[in-house]
Structures are given as C-alpha cells and as structure tokens.
Amino acid sequence: MKSYEVKILGTGMYAPKKILTNIDLESIVETNAQWIYERTGIQERHICSTEGGEYPSDMAMYATLDALKVANLVPNDIDLILFASVTPDVKLPNSATILQVKLGITNNCACLDIAAACSGFVYGFNMASAMIKTGMIKKALIIGSEMLSREVNWKDRNTCILFGDGCGVAIIGRAEETSESKVYASILSADGTGGEFFDQPVGGSVTPITIEHIEAGTHFMQMKGKEMFKVATRTLAENAQKVIAEAGLTLEDIDWVIPHQANIRIIETTAKLIGIEMDKMIINIHKYGNTSAATVPIAFHEAVTDGRIKRGDIILFDAFGAGLTAGATLLKY
Ligand code: UT7
C-alpha cells in the first residue's frame, strides 16, 4: 500500500484580549506575584471575554482562518477536524462541528473532539498524521482551544494562578514528493491510575452539579500539583527519549523541543532528564500560563512566526496532562 509523508502546511493562534497579571491575582486570592513567577515561571495569562466572541470555537475560527492563509488553502480543503479541549463551548454537539459551520465548510468533513486534556493537541496531531500516512485523508485541521477560566475555582490559589485561555491550530497534509517534511516517530500513552491527580468529578452523569456544589465550589477542576509534577517530568522525558530512539536519531539532531507549558520547573527538569540544553526548549509560559491543549500549538506557531523554527528543522512535540495522558511527536518541519 502506498504511504505518504506528513507536512505542516500552516499554523495559527488566538490569545484573548484581556490580560490578567500576577499582580492582578493578588487581589483575587491570597498569593503574591513573586511566588507565582518563581514557582511556575508565569507572569501573565489571557482570559476570554464572557460576553461572547472569544469562546473556544470562536478562538479556533480566528486561528484557523490565519492558518488557512499561511497554507494557501480554503476551508473546504479540510477533510478532518480534530478539536482538542476540556472546555468545549457546549457538551453537545461537539466543538469540531460547531467550528465546521463557523468556517463555512460544506464538504461534510469528519469532525471529532478529543478529550485528552493537555495532551489533546498532540493526540490529534498523531492520529491525523497516521490517517494522512495511509492516504485515508489529505488534509486535517488540529486544534487545541481552551477557556479554562470558566472551569477553575478562582478561590483556590493552588490552581487558579496556573491556567489561562487561548487557542493554537495546525493544518497538516501530504508532503509533496520533493519535500523533506516528515513525521519520524510518534507516541500516545496514558496511565488512568493517576486520574485523581487532576480531575473534575462533579458535572458528569455520575454526579450532576447541584446548588450545594456551586455554593461549595466543588464543581471546578482540582489538582494535586506535587503528584502531577513528578509524573509529568518522568513521562515527558521518557516519551521524548522513546521517539528519538525509534527514529534512530540522537539528541544532537533535535533543533527544537516544544514542551507542554505547565510550569517552567517542569520544563527545566524534563530538559535535564532528557539531557538536552534549555536553549532548545521553546518557552512562552510567562505570557500565557497553562492553556492545556493549546500550549503546544501556540508555542509552535509563535516560534515558526518569529523565525526561530525554519523548514527542515527537527522538532519534538512533548505533552502531558490529566488522565494521565501523554504524547510526543518527532518531525521534520
Ligand atoms: O497541565 C497539567 C500538568 N500540570 C502540572 O503538572 C502542574 C504540576 N504542579 C506544579 O506546577 C506545582 O506543583 C505547583 C505550581 C502547582 C505548586 O508548586 P509547589 O512548589 O509544588 O508548591 P506547593 O504546593 O508545595 O506549595 C508550597 C507552599 C505551600 O505553603 P507551605 O505549606 O509550605 O506553608 C503552599 O501553601 O506555597 C504555598 N502556595 C502558595 N503561596 C502563594 C501554594 N500556592 C500558592 C500561591 N501563592 N498561589
């Protein structure tokens, strides 16, 4: 069977207009700006408007329109939309179909949401790549778009200082015969036994939200930060090493790593465990905080747009999140 190489054709991002700084947080919860910066690397984050126009599907539409321009494509060229989010506009229908309508796509392309938390974009990327490789589809739109500000407890300083809103997208397709672009290796993994380290047990079929939950604030996301930290660093490093080994490459071959942006100390520890220099790690956590599924595509888009990442560079996506899910991709851009 003929197989095809995969190429990233275009990227885009959207960051909500409102910026919330660490100093602003001092008047919301008992914290201090310096603590947040020193323990997480975060200085500010963007927050979606609650008036509309910046919901996850809106952000995805703006980011996709930019990515389509870069790729020189029109919306109906997309065969598949994979929308990664833990904060979708609504429970039903899925966000990918909402976006399909907003983009004016009329070709009945497949639309699927991915619930893999912070690893969602990388899950989508690897799944869509596999479908392109086999020839099942020609072009896929992969999205990470989150409005976490709706789901964090603004009275819980353990979580609310960490997260931000935003969206990043990539359009991928078959590489031309003459192109060097390719996906060398990819991995998707999960360890469900760590599910309780980061969860939101209220609000599903088992425990619908009641007035008591709202009064106690127990319907929001909750996280055991220290436990997450340990597993995150170990898993990010292991997955990175696995894809590099599978591709038959060495650390010296890697030009850039785009790690999930959850905490600068997680990124530093992961780099140490992998054995790679920090100046190869793309970092933007200071500006956006943790935007879950959106961190990897936003960081990638920024580094491509400002010229750090160039065609032919060897790139590693490395993500980890609630679930506990994880995914890595090693590719030539
Ligand atoms: O995207 C999914 C992946 N996300 C993660 O994996 C997140 C991983 N975890 C983390 O990034 C870190 O564990 C946190 C940033 C969440 C917490 O950092 P930490 O260094 O583990 O802090 P800690 O929880 O051990 O807290 C240290 C101290 C505590 O005080 P005591 O008990 O030592 O007196 C906390 O009460 O800092 C206190 N503290 C704060 N102080 C000011 C906790 N949160 C805050 C705060 N402001 N916001």
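A surface patch here is a group of residues with over 30% relative accessible area and no salt bridge, where nonpolar side chains are joined within 5 Å. Keep in mind that this is a predicted model.

With that in hand, take Leu-112, Met-127 and Leu-188: together they make a nonpolar surface patch of about 220 Å². Leu-188 sits in strand 8, which covers residues 182–190. Its relative accessibility is 34%, so Leu-188 counts as partly exposed.

There's a charged patch too. Glu-252, Asp-253, Asp-255, Glu-277 and Asp-279 form a negative surface patch. You'll find Glu-277 in the loop between helix 8 (264–274) and helix 9 (285–288). Glu-277 is partly exposed because its relative accessible area is 44%.

Now for some parts that are mostly covered. In helix 10 (residues 295–305), 10 of the 11 residues are buried. Among them are Val-296, Ile-298, Phe-300 and also His-301 and Glu-302. After helix 10 comes Gly-307, with a positive phi near 90°.

Strand 7 (residues 165–174) is mostly covered as well, with nine of its 10 residues buried. Which strands pair with strand 7? Strand 1 does, and so does strand 6. Here's how the pairings look:

| Partner of strand 7 | Sense | Bridges | A facing pair |
|---|---|---|---|
| Strand 1 (residues 6–14) | antiparallel | eight bridges | Ile-8 opposite Ile-172 |
| Strand 6 (residues 139–147) | antiparallel | nine bridges | Glu-146 opposite Gly-166 |

One general point helps when you look at strands: in a regular strand, side chains alternate between the two faces of the sheet.

How values were computed:
Residues are numbered from 1 along each chain as its sequence is written. This is a predicted model: local features need pLDDT of at least 70, side-chain atom pairs count only at pLDDT 80 or more; totals for chains, interfaces and linings use all residues. Side-chain values use heavy atoms; hydrogens and water are left out. Patches are made of residues with over 30% relative accessible area and no salt bridge: like charges are joined within 9 Å, nonpolar side chains (Val, Leu, Ile, Met, Phe, Trp, Tyr) within 5 Å. Accessible areas come from the Shrake-Rupley method with a 1.4 Å probe; for residues, only the protein chains shown count as cover. A salt bridge is a side-chain nitrogen of Lys or Arg within 4 Å of a carboxyl oxygen of Asp or Glu. Lys and Arg count as positive and Asp and Glu as negative; His and the chain ends are not counted. The place of a charge is taken as NZ of Lys, CZ of Arg, CG of Asp or CD of Glu. Helices (H or I, at least four residues) and strands (E, at least two) are DSSP runs, numbered from the N terminus. Buried means under 20% relative accessible area, exposed over 50%, partly exposed in between (1.4 Å probe, protein chains only). Two strands pair if DSSP finds at least two bridges between them.
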